[in-house]
Amino acid sequence: MLVIELLEKSRGRYLSGELIAQYCGITRAAVWKQIKSLKEQGYQIESRKGKGYCLANDCDILSQEAISSYLHDPSFQIIVKSEVTSTNDVLKELAQQGYPEKCVLIAQTQTKGKGRKGRSFYSPNDDGLYMSLLLRPKQLKPEDTLLLSALSACAVQSGIKRVTGLDTQIKWINDIYLKGKKVCGILCEGSCSIETNEFDYIIVGIGINCHNTTFPQDIKGIAASLQSASFIRAKLAAAIIADFFKDYQTLPNRDFLSHYRKHSCVIGKMIQVYQGNQTYPAKVLDIDEHGYLIIEKDGHLETLSSGEITIRVKS
């Protein structure tokens with residue numbers, strides 16, 4: 001066991017150097033060297049004579065050890081990188097190399113974070129939670145991928161509530177909003193066989209604004225962060241991963257859709273729909289079993305399976 005693993009499991013409690021050395025199978029001198037190295041990496045570790053070492057409860061360093069200590073499930077392969085182009089792109093490469101389902105890639109920052117429709121996702125260092133989950137679904141068909149987006153949104157919404165206490169809402173398809181502003185974007189990408197019409201893999205990318213206090217001018221008016229709450233990102237990551245895979249195991253039952261509807265911010269609202277070169281107003285009546293919007297357009301009922309929407313503000 002590494003020193004950081006033991007400290008993570010004992011957050012907020014002092015452990016003597018002797019006890020750490022015993023559990024980790026190393027010398028006291030080696031313990032001191034590892035503690036020194038961890039402090040240099042930014043870990044908030046308090047040292048007190050006669051008491052030992054203590055990892056502060058509010059230390060917010062993302063690490064495999066920190067996330068695993070909250071996840072309590074060794075079947076996950078957690079990979080944490082300091083910097084990547086895009087967690088989705090890097091995890092795609094790992095998927096093509098044969099990495100298994102339940103591999104999760106997390107980065108401190110992204111230089112080319114990806115949003116929907118080729119947009120970029122603002123990913124400043126240490127301010128957000130940027131992660132991608134690898135799936136290898138055996139029976140999911142391309143027409144049902146919207147369900148994965150809905151499931152992902154439910155996992156993020158419930159994870160945020162459990163860890164921060166903040167109430168967020170889901171904007172179709174899978175954006176998470178806090179007080180009318182976007183705090184999270186989700187991007188699902190995959191590789192599907194033309195011959196079998198089955199997926200080789202799907203990557204679920206999740207980007208959450210956590211500690212941001214400022215945003216670029218182009219998103220300043222529409223973006224928000226969770227920074228009003230006191231939490232650490234490792235705990236939030238673990239909560240989202242656990243909630244996602246709990247519902248993912250029972251995806252065909254679609255039980256999560258009741259949660260999706262309950263926390264939707266579009267049901268009952270007037271919206272503006274954008275599909276290709278078309279744009280038109282509509283009213284959202286419900287969300288069906290495929291995750292499609294049931295809308296009223298020009299007095300007729302229709303289902304909406306793709307496109308983008310904005311909520312219309314009454315003038």
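Colleague: Which residues of H7 are met by Leu148, Leu151, Ser152, Ala155, Val156, Ser158, Gly159, Ile160, Arg162 and Val163 in H6?

Modeller: Helices here are DSSP runs of H or I with at least four residues, strands are runs of E with at least two, and both are numbered from the N terminus. Contact means heavy atoms within 4.5 Å. By that criterion, the H7 residues met by this face of H6 are Lys235, Leu236, Ala239, Ile240, Asp243, Phe244, Asp247 and Tyr248.

Colleague: How many nonpolar residues does the contact of H6 with H7 have?

Modeller: Ala, Val, Leu, Ile, Met, Phe, Trp, Tyr, Cys and Pro count as nonpolar, Asp, Glu, Lys and Arg as charged, and the others, Gly among them, as polar. The contact of H6 with H7 has three polar and four charged residues, and its nonpolar residues number 11.

Colleague: What kind of model is this, and which residues and atoms enter the values?

Modeller: Residues are numbered from 1 along each chain as its sequence is written, and side-chain values use heavy atoms, without hydrogens and water. Local features need pLDDT of at least 70, side-chain atom pairs count only at pLDDT 80 or more, and totals for chains, interfaces and linings use all residues, since the model is predicted.

Colleague: Are H6 and H7 parallel or oblique to each other?

Modeller: Axes are lines fitted to C-alpha atoms, for helices over the stretch in contact, with angles from 0 to 180 degrees between N-to-C directions. The axes of H6 (residues 145-164) and H7 (residues 233-248) come within 8 Å and cross at roughly 140°. Angles under 35 degrees count as roughly parallel, over 145 as roughly antiparallel, 65 to 115 as roughly perpendicular, and the rest as oblique. The relation of H6 to H7 is therefore oblique.

Colleague: With which residue's side chain does the side chain of Asp243 make a polar contact?

Modeller: Asp243 lies in H7 and counts as buried because its relative accessibility is 9% (buried is under 20%, exposed over 50%, partly exposed in between, with a 1.4 Å probe and protein chains only). Beyond four places in sequence, Asp243 touches Ala155, Ser158, Gly159 and Arg162. A polar contact is a pair of N or O atoms within 3.5 Å; within protein, one must be able to donate a hydrogen and the other to accept it, and residues adjacent in sequence count only if both atoms are side-chain atoms. At 2.8 Å, the side-chain partner of Asp243 is Ser158.

Colleague: At what angle do H4 and H7 pack?

Modeller: H4 spans residues 64-71, and its axis lies 8 Å from that of H7. The two helices are oblique to each other, because the angle between H4 and H7 is about 50°.

Colleague: Which residues of H7 make the contact with Ala66, Ile67, Tyr70 and Leu71 of H4?

Modeller: By class, the contact of H4 with H7 has nine nonpolar, no polar and one charged residues. On the H7 side, the contact is made by Ala234, Lys235, Ala237, Ala238, Ile241 and Ala242.

Colleague: Against which elements do the buried residues of H4 pack?

Modeller: Glu65, Ala66, Ile67, Ser69 and Leu71 are buried in H4. These buried residues pack against helix H1 (3-9), strand S3 (77-84), strand S4 (103-110) and H7.

Colleague: How far apart are the C-alpha atoms of Lys141 and Glu198?

Modeller: Lys141 is in the loop between strand S5 (128-135) and H6, and is partly exposed because its relative accessibility is 26%. Leaving out residues up to four places away, Lys141 touches Thr196, Asn197, Glu198 and Phe199. Although Lys141 and Glu198 are 57 residues apart along the chain, their C-alpha atoms are separated by 6.2 Å.

Colleague: What is the approximate omega of the peptide bond from Trp172 to Ile173?

Modeller: Most residues other than glycine have a negative phi, and most peptide bonds are trans. Ile173 is in the loop between strand S6 (169-171) and strand S7 (175-178), and Ser149 of H6 is among the residues it contacts. The bond from Trp172 to Ile173 is cis, with omega near 10°.

Colleague: Is Lys179 buried or exposed?

Modeller: Lys179 is in the loop between S7 and strand S8 (181-192), and its phi is positive, near 50°. Because its relative accessible area is 83%, Lys179 is exposed.
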